[in-house]
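Reader: I've got a new model open and I'd like to practise reading it with you. Could we go feature by feature, general idea and then the case at hand?

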Amino acid sequence: DPLDQRNWDANLSVLSGDIDSNDLTNSSGVVLTTTHIVGLNSYHVLVASAVGSSTVLDGFTITAGYADGSAPPGGGLLSDSGGGVFASQKASPVLRRLVFSANYAVYGGGGLYSYDSQPALNDLVFKKNSSQTYGGAMYINYSDLQMQDVTFTGNSSYTAGALDCENSSPNLRDVAFVE
C-alpha cells in the first residue's frame, strides 16, 4: 500500500488557518501553542458538512485554526467552534493519521467540533489545542463517533481540556490522555 510507505517525519504536510502568514511557527510551519497565533486566521481549517465515509483525510498536520467569531444570523456554521475541523450535518468522514496542533475555539472544540455527525477517528494526536469553554481538543454533541489510537496531550479549556461529550456515546479504543 503506497500510503503505508509515506515518511511522515521527512514529508510533513501542513494545513494551516494562518491567512496572513504571520503566526509564530516551527521550521515546518506548525504553530506549537495557541499563544503563537497572531493576526488573521480562518475560523476553521477544514469543514466537513454532510460528507460521507468516502471522504478521507489522511496524513496531515492541522494547525492555527482560530474560531473566535459568533454564529451568523439565521444559523449556519458556528464561527466560534471547531478551529481545526468543524463537522456537522450528519458528516461521517474518515480522519486518520492526523496531528491537531494549536487550534483555538471560543465555544467548543479547539481541534475538532462534531455536531450530529459520526466521523471515524483513527491514529490522531491532539496537542496544545484550546477552547475558552468546552473541550480544548474536541467537543462532540449528538455525535456517536468511533475513536481509536488517539492521544490527547497538553490541551486546555474551562470544562474539559481534552474531550467534552454532550448527548453523545462515543466508542473509545486505545485512547490516551496525557498532561
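Author: Sure, and let's begin with a cut-off: a residue is buried under 20% relative accessible area, exposed over 50%, and partly exposed in between. Keep in mind that this is a predicted model. Take Arg96: with 27% relative accessibility, Arg96 counts as partly exposed.

Reader: What share of the 179 residues of the protein chain counts as buried?

Author: That comes to 42% of the chain.

Reader: And the overall form? How many helices and strands are there in the protein chain?

Author: The secondary structure comes to 0 helices and 15 strands. The C-alpha atoms fill a box of roughly 40 × 40 × 30 Å along the principal axes. For 179 residues, a compact globule would have a radius of gyration near 16 Å, and the chain's 15 Å agrees with that. You can also look at contacts: among those with a separation of 6 or more, 78% are between residues 24 or more positions apart.

Reader: OK, sheets next. How do I read those?

Author: Strands of a sheet pair through backbone hydrogen bonds, in either a parallel or an antiparallel way. Here, one open sheet has 5 strands in the order β2-β6-β9-β12-β14, with parallel pairing.

Reader: Which strands stand at the edges of that sheet?

Author: β2 (46-49) and β14 (163-166) do; each has a single partner strand, so one side of each is left without a neighbour in the sheet. As for the twist, neighbouring strands of this sheet are turned by 5 degrees against each other on average, direction ignored.

Reader: Can we zoom in on one pair? Over how many bridges do β6 and β9 pair?

Author: Over 3 bridges, in the parallel sense. To find your way in the viewer, go to Val85, which stands opposite Leu112 in β9.

Reader: Which other strands form an open sheet with parallel pairing?

Author: Look for 3 strands in the order β5-β8-β11, again an open sheet with parallel pairing. The edges are β5 (66-67) and β11 (130-131), each with a single partner strand, so each has one side without a neighbour in the sheet. β5 pairs with β8 (residues 104-105) in the parallel sense over 2 bridges. There, Ala67 stands opposite Ala105 in β8.

Reader: Now the charged side chains. What's the idea?

Author: Side chains of opposite charge can pair when their charged atoms come close. In this model the count is 3 salt bridges. One of them joins Asp58 and Arg96, whose closest N and O atoms are 2.6 Å apart. Asp58 lies in strand β3 (residues 56-58) and Arg96 in strand β7 (residues 94-101), so this pair ties together parts that are 38 residues apart in sequence.

Reader: Is Asp58 buried or exposed?

Author: Buried, at a relative accessible area of 10%. Asp58 also meets Arg97 in a salt bridge, at 2.8 Å from N to O. This pair again runs from β3 to β7, so parts 39 residues apart in sequence are tied together. Arg97 itself is partly exposed, with a relative accessible area of 21%.

Reader: Where do the partners of the salt bridge between Asp116 and Lys90 lie?

Author: First the distance: the closest N and O atoms of Asp116 and Lys90 are 3.1 Å apart. Asp116 lies in the loop between β9 (112-115) and β10 (120-127), and Lys90 in the loop between β6 (85-88) and β7, so the pair ties together parts that are 26 residues apart in sequence. Asp116 counts as partly exposed at 25% relative accessibility, while Lys90 is exposed at 56%.

Reader: Which residues do shared partners join into one network?

Author: Asp58, Arg96 and Arg97, through their salt bridges.

Reader: Let's finish with one polar residue. In which strand is Asn141 found?

Author: Asn141 sits in β12 (residues 138-141), and β12 has its place in the sheet ordered β2-β6-β9-β12-β14. Asn141 is buried, with a relative accessible area of 9%.

Reader: With which side chain does the side chain of Asn141 make a polar contact?

Author: With that of Asn167, at 3.0 Å. Leaving aside neighbours within four places in sequence, Asn141 is in contact with Ser114, Tyr115, Asp116, Glu166, Asn167 and Ser168. You'll recognise Asp116 there as the salt-bridge partner of Lys90.

How values were computed: Residues numbered from 1 in each chain as written. Predicted model: local features only at pLDDT ≥ 70, side-chain atom pairs only at ≥ 80, totals over all residues. Heavy atoms only, no water. Helix = DSSP H or I, 4+ residues; strand = E, 2+ residues; numbered from the N terminus. Buried < 20%, exposed > 50% of the residue type's maximum accessible area, 1.4 Å probe, protein only. Polar contact = N/O pair within 3.5 Å; in protein donor to acceptor, adjacent residues only side chain to side chain. Contact = heavy atoms within 4.5 Å. Salt bridge = Lys/Arg side-chain N within 4 Å of Asp/Glu carboxyl O. Pairing = 2+ DSSP bridges. Axes fitted to C-alpha atoms, helices over the stretch in contact; angles between N-to-C directions. Rg over C-alpha atoms; globule rule 2.2 N^0.38 Å.
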